[in-house]
Number of protein chains: 2
Amino acid sequence: MHSPAAFPCFAVPPLDRALAAELQAVIDTKTKPPGSLGRLEALALQLGLIQGRVDPAVLHPHVLVCAGDHGAARAGVSAYPQEVTWQMVENFLAGGAAINALAGLAGMRLVVADAGVAHEFGVREGLRDMKVGAGGTANYLDDAAMSEAECALAVARGAQLAREIAAGGCNVLGFGEMGIGNTASASLLTHCITGLPLADCVGRGTGLDDAGLARKQALLAQALAIWPERPAAGAASGEDALRVLARFGGFEIAMLTGAMLAAAEARITLLIDGFIVTSALLVAATVAPSVRDYCVFAHCSNEAGHRRQLDWLGATPLLDLGLRLGEGTGAALALPLLKGACAFVREMASFASAGVSDRA
Amino acid sequence: MHSPAAFPCFAVPPLDRALAAELQAVIDTKTKPPGSLGRLEALALQLGLIQGRVDPAVLHPHVLVCAGDHGAARAGVSAYPQEVTWQMVENFLAGGAAINALAGLAGMRLVVADAGVAHEFGVREGLRDMKVGAGGTANYLDDAAMSEAECALAVARGAQLAREIAAGGCNVLGFGEMGIGNTASASLLTHCITGLPLADCVGRGTGLDDAGLARKQALLAQALAIWPERPAAGAASGEDALRVLARFGGFEIAMLTGAMLAAAEARITLLIDGFIVTSALLVAATVAPSVRDYCVFAHCSNEAGHRRQLDWLGATPLLDLGLRLGEGTGAALALPLLKGACAFVREMASFASAGVSDRA
């Protein structure tokens, strides 16, 4: 990558805190001991600031699931064969996957985008064809997973999707992914951007055994070794982060990065799912640090490395249920808590309006 | 208390595990890596076993909020004046409390019962008049909070309410409470039943400062000291637990105990809220240990002592959001997770039905 100029530009505004005192006063005069709704109160404050309202609401929530294939998957970094990526996309379209059940329950509209699955779906209802590469990424064990142009295109298409979703009135967007081999990509991105030891960033993905995990770790160390021009781990600039994304990313991860940047630009709340989605956020938040202010962290995944990503971001997730499925399932499960935060602010009486005595 | 015979009898069946293998097979063949839905999978198994179905569902969920006043509240164990109990009941009836907003969001029907609030409400729509004592309990700093007959009546009325709710088709019942001073009661119950040191069972309730907390601890130590006939802490039989309940309990806590026993008898899932509700469960689970099998623990409260109760019960709560409000708010916030557990079992495709390749 010679210049970040090839990439779309994003102008993510810092969170406007002008309403903070007014919002906090609204929260504190509700008929409950101050602070007694715990993290729901901080969440209400954040949603109110993002939306610029003292009566925040969750409107037209969506979950965007980006799917893509990985050249490295054929080298044996996953417990499942590569064809599971397209088979699971078919499952999303048929309504049979976990995210269908959980997004439906949460009242979230599901948008499935093909960022570059190694399969020809044809024109299909419910599937956004945004293929950047028809055969998935190249194998980063040989060379860069994608070219600079491909990476920029994936980012731009993700941004386009997020802007379309925003235009429909959505103000909370969850992110999910599908791509056999993409925990490996996410591990490399996490190592390069955070500087955490590679071993701390590599986990069992869909369920590798000990031997499979050791093999994955060795392959990923090799992927780093054959790229001497890599930025120093943990010292990535925005430009470096995009170089790392092109080298090791998946098309679906790059598309998520673009979608996050455009969603934050549009003052949408970003509902961050698990390990892979958080790796896309690491890129986005390196490119535009203000993105972090728009994020709600849905859950802590059971995939090794997710908690470390969250710690590095200074994030405390809402749920900790040992999930490790991806697809945006954690985001869908957390959405009711965002609705709860809005509901108490919008619907509860104040001490004065209810005629309840405040503390002595 | 001379005999537990004065108390209603409950026959809580042990959880029937006959369907366990079949349910686990259903869960394991869904299109996801095995175990990847984490605690949602264990929850689905538990709900299926309780309901005796391989396709569990959440039907007509309710939250039962019992309210009562405490003689000891006038001795200064709370940061709020006693009249807040009846004022908050009015707030429930007017729809302005946190539980109104959160139960409504979760699709739970709210049932409010007056177990013994020191206020005359008259006949009111939406309020079940189940007063055991019109002025609240007696002050356990002088003598027993209630007589054996009063305690038995509160338990029986709670059971009656739960049976009515069950008859309406409800299969998940959340529990909540309102009663200024009731964390103090719950602390005494917890100490006597679990044997945990009193200091570990006493917290700030609605928000005592350090001096208030020290005063509360001293008063509760005094309440124990003036009852030499108390059972040895941590060695309570069912009969002992009921004696402790009569000595230190609130009418609302005794009513919750009865409601839990009757709900478990009816094979309803008990959705346990915070510190006070869990103290009622400690009594119920000492009287009938099988009750524990029907419990889902909604959250870990910020009230000191709740985590210790949960540890003592071997329970892992679903949420940990620093809530300390009561009213059943944690139960309402956790209900979507129960719905999610049912939804994935009922709606997801299997590997075979979706044509997805299983792991190699």
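**Exercise 1. Describe how α6(A) and α11(A) pack.**

Solution. Helix α6 (residues 182-194) of chain A packs against helix α11 (residues 275-287) of chain A at an angle of about 35°, and their axes are 9 Å apart. Axes here are lines fitted to C-alpha atoms, for helices over the stretch in contact, with angles from 0 to 180 degrees between N-to-C directions. Helices are DSSP runs (H or I, at least four residues), as strands are (E, at least two), numbered from the N terminus.

Next, the hand. The crossing of α6(A) and α11(A) is left-handed: the near helix is turned anticlockwise from the far one by less than a right angle.

Then the residues. From α6(A), the contact uses N182(A), T183(A), A186(A), S187(A), L189(A), T190(A), I193(A) and T194(A). From α11(A) come F275(A), I276(A), S279(A), L282(A), V283(A) and T286(A). Contact means heavy atoms within 4.5 Å.

Last, the chemistry. The contact of α6(A) with α11(A) has seven nonpolar residues, seven polar and no charged. Nonpolar covers Ala, Val, Leu, Ile, Met, Phe, Trp, Tyr, Cys and Pro; charged covers Asp, Glu, Lys and Arg; the others, Gly among them, are polar.

The model is predicted, so local features need pLDDT of at least 70 and side-chain atom pairs 80 or more, while totals for chains, interfaces and linings use all residues. Residues are numbered from 1 along each chain as its sequence is written, chains are lettered from A and ligands numbered from 1 in the order written, and side-chain values use heavy atoms, without hydrogens and water.

**Exercise 2. Find the salt bridge partners of D55(A), E164(B) and D210(B), and state their exposure.**

Solution. Start with the rule: a side-chain nitrogen of Lys or Arg lies within 4 Å of a carboxyl oxygen of Asp or Glu. Over all chains, the whole structure holds 24 salt bridges.

D55(A) pairs with R53(A) at 2.9 Å, N to O. D55(A) is partly exposed at 27% relative accessibility, and so is R53(A) at 41%. Buried means under 20% relative accessible area, exposed over 50%, and partly exposed in between (1.4 Å probe, protein chains only).

E164(B) pairs with R128(B) at 2.6 Å, N to O. This pair links distant parts of the chain, 36 residues apart: R128(B) sits in strand β3 (residues 127-129) of chain B and E164(B) in helix α5 (residues 148-167) of chain B. R128(B) is partly exposed at 30%. E164(B) is partly exposed at 37%.

D210(B) pairs with R204(B) at 2.7 Å, N to O. D210(B) is exposed at 56%, whereas R204(B) is partly exposed at 37%.

Finally, look for shared partners. R53(A), D55(A) and R346(A) are joined into one network.

**Exercise 3. Characterise the interface of chain A and chain B.**

Solution. Count contacts: 52 residues of chain A touch 52 residues of chain B. Take the area: about 4,200 Å² is buried, with 64% from carbon and sulfur atoms. Buried area is the accessible area (1.4 Å probe) that two parts lose on being put together, summed over both. In chain A, Y80(A), L321(A) and R359(A) lose the most area to chain B, together 14% of what that side buries. Check charges: zero salt bridges cross this interface.

**Exercise 4. Is E327(B), with its positive phi, buried or exposed?**

Solution. Phi of E327(B) is near 70°, although the residue is not glycine. E327(B) lies in the loop between α12 (306-313) and α13 (329-347) of chain B. At 1% relative accessibility, E327(B) is buried.
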